[in-house]
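Please open the model in the viewer and keep the selection panel at hand. The tour makes two stops.

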Amino acid sequence: MHGRNGMKRWLPLVILLCASTAWAQDSPAPTAAPPTARELRQLIAEHRRAGEFGRALEVARTTLERELDDEDLPLFRRLDLERDVATLEVLAGLAPPAQAALANVETLTRDIFSALRESRADDAVRLATQQLEVREKHIPGVHMDVATSQTYLAMALRRVGRLEEAETLSRTVVSAMVELQGRESAGTATALNNLAGVLRSRGDLLGAEAAFRESLAIRTQVLGPNHVSLAGSYNNLAAVFLQQGDATAAEDMYQSALSLVEAVRGENHDDTAKALENLSISLREQGRISEAHAALERARAAYESIEGDRQAQLARLDHRRALLLMEDARADEGATLLDDVRRRREQLQSGPAALASTTLELGRAQLMLGRFAQALENFQAASAIYERIYGQAHASTVNCARLIAATLAHTGNPAQAEAVLTQAADNYEQARIRGGTRLARATQQLDSPYDLMAALCLSRQAPEEAWRFSERARARMLSELLRATDQRGLDPEQENRERQLLRELTRLEGESAALGESNADSTAAQRTQIREQLLRAESNWSRLQLEFASQQKATMPIDLDLAEVQATLRPDEGLVGWLDVDDEGGSHGRWGYVLRPDRSIRWVPLAARGNEPEEELRLRLRGEYATPLGLPLNDEVNELCTQVFARNLAPLANSLAGIDHLIVVASGPVLGIPIEVLIDAQDRTALDLVPVSYAPSAGLLRWLRSRPPIPANSANALLLGDPPFSADHLRDMEMDQSAASSGDRGRGVGYLRRLAYTRQEVNAAAATFGNPQVLLGAEASEARVDALARSDRLRTFGTLHLATHAIADPRRPENASLVMAQTGLVEPGEALARNERVYDGVITAREIMATWQLDADLVTLSACNTGLGRRVAGEGYVGLAHALFRAGARSVVMSLWSVDDEATALLMARFYENRASGQDKTHALTNAKRWLRTNHKRYEHPHFWGAFVLMGDDR
């Protein structure tokens, strides 16, 4: 809306516009509408190219005056206009020779972008350098034009692989934009986004995530939550998440970007096509091949409907389609298509990174087909490109090294393969440190070299070296979480900053989720406010992690001394683990090892896969036991249990003779399967043979056992159970009605049944402790537990027993949760209006890591699937158990499938009775299982007693 003087202000602009376009002198006086903002920008640019900085300044000033009358003008637009005027004031005041020189390089901007579009990156570097040198020479101090030229040069340098120079320039631009426009400005957000892109190219995913998050937070605040430019930020963050191995988070970001561009640009637009293409990547990473194909086809249709040359985009699409063919066991077709894409990209001069990517994937397809010589040639070619543009300590270079080593091993050169891997190990650790924190470091797209190194050591009869390398690959993330404070060297103030920010982040995530589920119109403004606060908190968290990570040095993991681990084992104990190596070339090595305190480590080659590969066998057995729909058929399950035992435990039997406690480092063929349910050749279950406990790794077991134990009979205990999930449950409790269900404890929140037997379970366990704190019924709430956590009282409990429903999340382990009381919850909007914390009645793994500090000898998760989560190579299942170890638990009793309510109550009551009688945790749990099977015939099937396992320190 314009003021009364609007006509007077825009009329001179119309005259200037008419003059600049050389209208005929006899044209009538202009009566058209005021010139558009785009026309005014074009007019200013024309004056600048002509060296007419004074006239450009006049137009800019008049434009600013006109726009100030617009009551709807966004603040960021007004600030941009004011800065344009300030820029032109400087230029207009320069001497004529300086103005002429600056006018000459104005036209270079168009040439720079033409060179970048046409993949003439070297020309772009030359032109951007020329422009920057002239502007730096004639424009004093920090100036927008200089920062703009620095941005162009950084973009060009990134294209040619001069990433260190590009990063230095990009950081200079960020500082300049903060000085010129302030931290909270669109210009600073763009500069941060550009810096993040360079950091991502350099493999610094932690730094890239921090910068991308801050850019997104600023853009959302300045431009609003529905501005189309946010799509670029979503895409960029998604790419980082993909490299960190979190395809689910990437999919969410890509979907957000797609929704934005489709709404603003429409279906047939480059941005929409690219968003669909990106989405297909995250779908492929999750194994959703048909959906990924569909997204690519939609992208192709969009590209082909747009006028102009789209060869580069279609080549990229075909590269992605080839990867889908390889995932679909069509490696031959994939190789043919990738070979064609490589030729097209060479002709198009698509850039070194794109060419290296296609060359690498072509080599991988050839390796899958057994074409080792061709594969090796392509891996080496890709590695040379990656090393030139990224350096050695980059994920792409490290992954190339592992594939080169695997190919060399196939071609009969194990010594060369081992030499390649030895060098790659150093680079792997550096790339890993830069890849992110917490789960991101474990799941990033970076294959560990250690299992293959272990296999090579075994081939040359070096068993101790093989064990050390195998151990390096196990539970790395969990070990780092547990020893994080010692390794990072944080002082108390830094630890407190981290803890407070993580709690704030967790609170905002909970409020955002709760408000998102609310249909109340009154919460719309609150959703927007919480969303902006959450984006800012995420940005602050990423920056804090980056700050702390800068204090770390990328070092190799500490090599465990085999004798030190053996010294932690008791005379009657044996520790077993497995090494399962699949190098994509058809080679599949399998070994098991036994470690005992009084003899050398023994590695045993295991039989090659039979008609049914190990992974399929493992998944089938898990599926039979995990089904909540009824008991599996005994004959079929017994056969599966016998096969798994015969393949993985029977060959180790001689080395385990005489032990009274088996410690299992579960991985590969037995991951997610309790050893106790397996059956030997004499039809005996392992439960009958020996007590069993589990450890994420031998090194982690040693670390846990080094901590002082807490005697079970002197420890305080917190026991929680029977939370109400509806008002009916609460009424049943008040009327002392059991409403007991014999069903399982693992159904979704929308279908929760009361677990009345958990009340009996908690009361029976409580009787074995001196003065426990018991939370039953409505008292078993998130708010009560949170109050204990915030007052630091959770640290005082040596035992925590949590009997309720649990929800595992195989996609996002941080969302695995324990369900508390669902009654008495305050509506989110109302809670925020009262300035109270929002509770949703669910405690997630992330909340546990953020707010719980434990010194617990034992945490029992008496619920379904609490030992599951996201499967991560070398880590096993990541979820609630990892969070509890991180919070300070020394051992966790957890379940590997859905469990029965009454059977579990009986089992747990017996377990705590055994503990009170002086049995260690392993024997107490084993004997409770044997008791349940023997004394309750309806629960003799392993489905009822086999799910619960003990992880960690077994004492």
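The stops are a set of paired strands and an internal cavity.

This is a predicted model, in which local features need pLDDT of at least 70, side-chain atom pairs count only at pLDDT 80 or more, and totals for chains, interfaces and linings use all residues. Residues are numbered from 1 along each chain as its sequence is written, and side-chain values use heavy atoms, without hydrogens and water.

**Strand β4**

Select residues 661-664, strand β4; strands (E, at least two residues) and helices (H or I, at least four) are DSSP runs numbered from the N terminus. His661 and Ile663 point one way, Leu662 and Val664 the other, and all are buried (under 20% relative accessible area, 1.4 Å probe, protein chains only).

Add β1, residues 573-582, which runs parallel to β4 and is joined to β4 by 4 bridges; strands pair if DSSP finds at least two bridges between them. Here Glu573 has His661 as its bridge partner. Next add β5, residues 692-694, also parallel to β4, with 3 bridges; Ile663 is partnered by Ser693.

**Second largest cavity**

The structure holds 5 cavities of 30 Å³ or more, a cavity being a set of points on a 1 Å grid over the protein atoms alone where a 1.4 Å probe fits but cannot get out. The second largest has about 70 Å³ of space, a volume being the space filled by probe spheres set on the points, which are joined across faces, edges and corners.

Select its lining (an atom within 4 Å of a point): Glu782, Val785, Asp786, Ala789, Arg837, Ile843, Glu847, Thr851 and Trp852. Helix α36 (782-790) and α38 (845-851) each supply at least two of the lining residues, and the largest share, 4 residues, comes from α36.

Conventions: Buried < 20%, exposed > 50% of the residue type's maximum accessible area, 1.4 Å probe, protein only. 1 Å grid on protein atoms, 1.4 Å probe; cavity = no way out; pocket = protein on both sides within 12 Å on 5 of 7 lines; lining within 4 Å.
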